[in-house]
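Q: I'm new to this one and would like some help reading it. Could we go through a few features together?

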Amino acid sequence: MTKNFTSLDFPISLVCILLHLSFGCNGEAADRIAVAAPMEKAEQEALYSTIQSFVGKWWNGSDLYPDPCGWTPIQGVSCDLSNGLWYVTSVYIGPVHDNSLSCARKVEFDPHLFALKHLKSVSFFNCFVSPHHPITLPTNKWEALADSLESLEFRSNPGLVGQVPATFGGLRNLQSLVLIENGLNAEIPTSIGSLSNLKRLVLSQNRFTGKIPDSLGKLSGLLILDLSRNSLSGPLPSTFGGMVSLLKLDLSNNQLEGKIQEEIGSLKNLTLLDLSRNNLSGGLTKSFQEMSCLEELVLSNNPLGGDLMSLNCKNLRGLMVLDLSNMNLTGGIPESIAELKRLRFLALNDNNLAGDIPSRIAILPNITAIYLNGNNLTGKLKFSEWFYGKMGRRFGAWNNTNLCYPLELMSTGHVPYGVKPCHQEVTTLHESIVDLDENSKSGNGNWNHNSQGFSRYGSNGFCYKFLFELFMMVIVVDISLMRFTF
């Protein structure tokens, strides 16, 4: 049975068709409905007050339609819908983009930020910069964001000083805490070790002092730990072995001291370990050999000491960077380094290494730089002309007094920079006489006892004796002529 449309049905059907054509493609209907969604007045007021406190009172959001999450959103502000209402989820303040909101000269930290209950991410970049108007982080109210905040960042804020609030430890959903290049000081609060969901902890380029908290070892899910470029002191915590998920550990440019703990070998997933520019000592730990995922091992500029030959590189086949320069290392260069097929950068310079340089390191397929300068390496370099041409000054072997390269390479123009050529052994008459005299003395001290005094030279001993007597006659004649002349 065919349904007959009445005059009333037609307009309704037409409206439905028009709505479908207008909003049905590519989710546009959902987008426009979302734009039209309202924002709570309290939420909007909190957002406006927050922005004004950092940007300046001149900003009032009057050009935003219909609200901060509508068609003309604020650069650096993101929103999500919840129960049909807009809520602010991200606030990024600072000149990240050309049209981003920049901070005022005399900025204040407004507590209205903590009224944004759905806030997941907060970032301040190059905002607190005035040394004449220092800002400290508020010590309380952070608990208001405990259920929502997942990422908190303060980057390049030299005017941000004082301590890191212990209340940060109450941000139980925090996954990323990044405090880079600020003026923060004092000790790292132990409460950070309570952030069980933390994946990234970066506190580099501040002025933190004191010891690294043992509590950080409880962060078993942490992937990145960077405490570099501070003034941290004391030993490496033995609890570090508990950070079993760690991929990158950077503690460089501090004042850490003592031995490298054996527990560090528990970090099986580590790809980067940088402990350079500290005061660590006690030799190389064999735990490094258990870290098969390592791609970069940087321990340079530590008075670590120890025998480099104790480091077995066979299990470190993933290494691309090995920097053990300026560490007071002794011994020779292990042949096992030639097993590191992915190695690109090798630095063993400024140590006390001795012996020959293994020729096999020249066939490493990915190597781009080798620095062995400033050691006590000896012998003749056995690398090809092609190798020297490829490496240039990125092969550093200078300041090894007893190291040389073959003379035949001089004609090619490709020779190791700062290394002398090997001289051919030429025996002069004077050297022969001196050598003869020493061998004569090694017998019974009598030149007439040829069977003993010249035993080293066999049948040629008499020739050397003849040469010596001839040399003495020349001297006598020369002296006589001089007397006759005068």
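Q: Let's start with a single residue: where is L407 found?

A: First, keep in mind that this is a predicted model. L407 sits in the loop between β23 and β24.

Q: Is L407 buried, partly exposed or exposed?

A: The idea is to look at relative accessible area, where partly exposed covers the range between under 20% and over 50%. L407 has a relative accessible area of 30%, so it counts as partly exposed.

Q: Which residues form a nonpolar patch with L407?

A: Its partners are M410 and V415. Together, L407, M410 and V415 have about 220 Å² of accessible area on the surface.

Q: Let's zoom out. How many helices and strands does the protein have?

A: There are seven helices and 24 strands in the protein.

Q: And what share of the residues is buried?

A: Of the 486 residues in the protein, 44% are buried. As for the surface, the protein exposes about 25400 Å², and 53% of that comes from carbon and sulfur atoms.

Q: What share of the contacts links residues 24 or more positions apart?

A: Taking the contacts with a separation of 6 or more, 55% are between residues 24 or more positions apart.

Q: Now for the sheets. How do strands of a sheet pair?

A: Strands of a sheet pair through backbone hydrogen bonds, and the pairing can be parallel or antiparallel. In this model, three strands make an open sheet with the order β21-β23-β24, and their pairing is parallel. The edge strands are β21 (379–380) and β24 (420–421), each of which pairs on one side only.

Q: How many bridges join β21 to β23?

A: Two bridges join them, and β23 covers residues 403–405. If you'd like a spot to look at, find G379, which stands opposite L403 in β23.

Q: What about charged side chains: when can they pair?

A: Side chains of opposite charge can pair when their charged atoms come close. The count here comes to six salt bridges. One of them is between D147 and R172, whose closest N and O atoms are 2.3 Å apart.

Q: Which parts does the pair of D147 and R172 tie together?

A: D147 is in the loop between β4 (135–136) and β5 (151–162), while R172 is in the loop between β5 and β6 (176–187), so their salt bridge ties together parts that are 25 residues apart in sequence. D147 is exposed, at 57% relative accessibility, and R172 is partly exposed, at 47%.

Q: Which residues are linked in a network of salt bridges?

A: That network links E153, R155 and R200. Within it, R155 and E153 have their closest N and O atoms 2.9 Å apart. R155 is partly exposed at 27% relative accessibility, whereas E153 is buried at 11%.

Q: What distance separates N and O in the salt bridge of E290 and K268?

A: There the N to O distance is 3.2 Å. E290 belongs to the loop between β14 (279–280) and β15 (296–298), and K268 to the loop between β12 (255–258) and β13 (272–274), so this pair ties together parts 22 residues apart in sequence. E290 is partly exposed, with 43% relative accessibility, and K268 is partly exposed too, with a relative accessible area of 41%.

Key: Residues numbered from 1 in each chain as written. Predicted model: local features only at pLDDT ≥ 70, side-chain atom pairs only at ≥ 80, totals over all residues. Heavy atoms only, no water. Helix = DSSP H or I, 4+ residues; strand = E, 2+ residues; numbered from the N terminus. Buried < 20%, exposed > 50% of the residue type's maximum accessible area, 1.4 Å probe, protein only. Contact = heavy atoms within 4.5 Å. Areas by Shrake-Rupley, 256 points an atom, 1.4 Å probe, with all protein chains shown as cover. Pairing = 2+ DSSP bridges. Salt bridge = Lys/Arg side-chain N within 4 Å of Asp/Glu carboxyl O. Patch = residues over 30% accessible without salt bridge, like charges linked within 9 Å, V, L, I, M, F, W, Y side chains within 5 Å.
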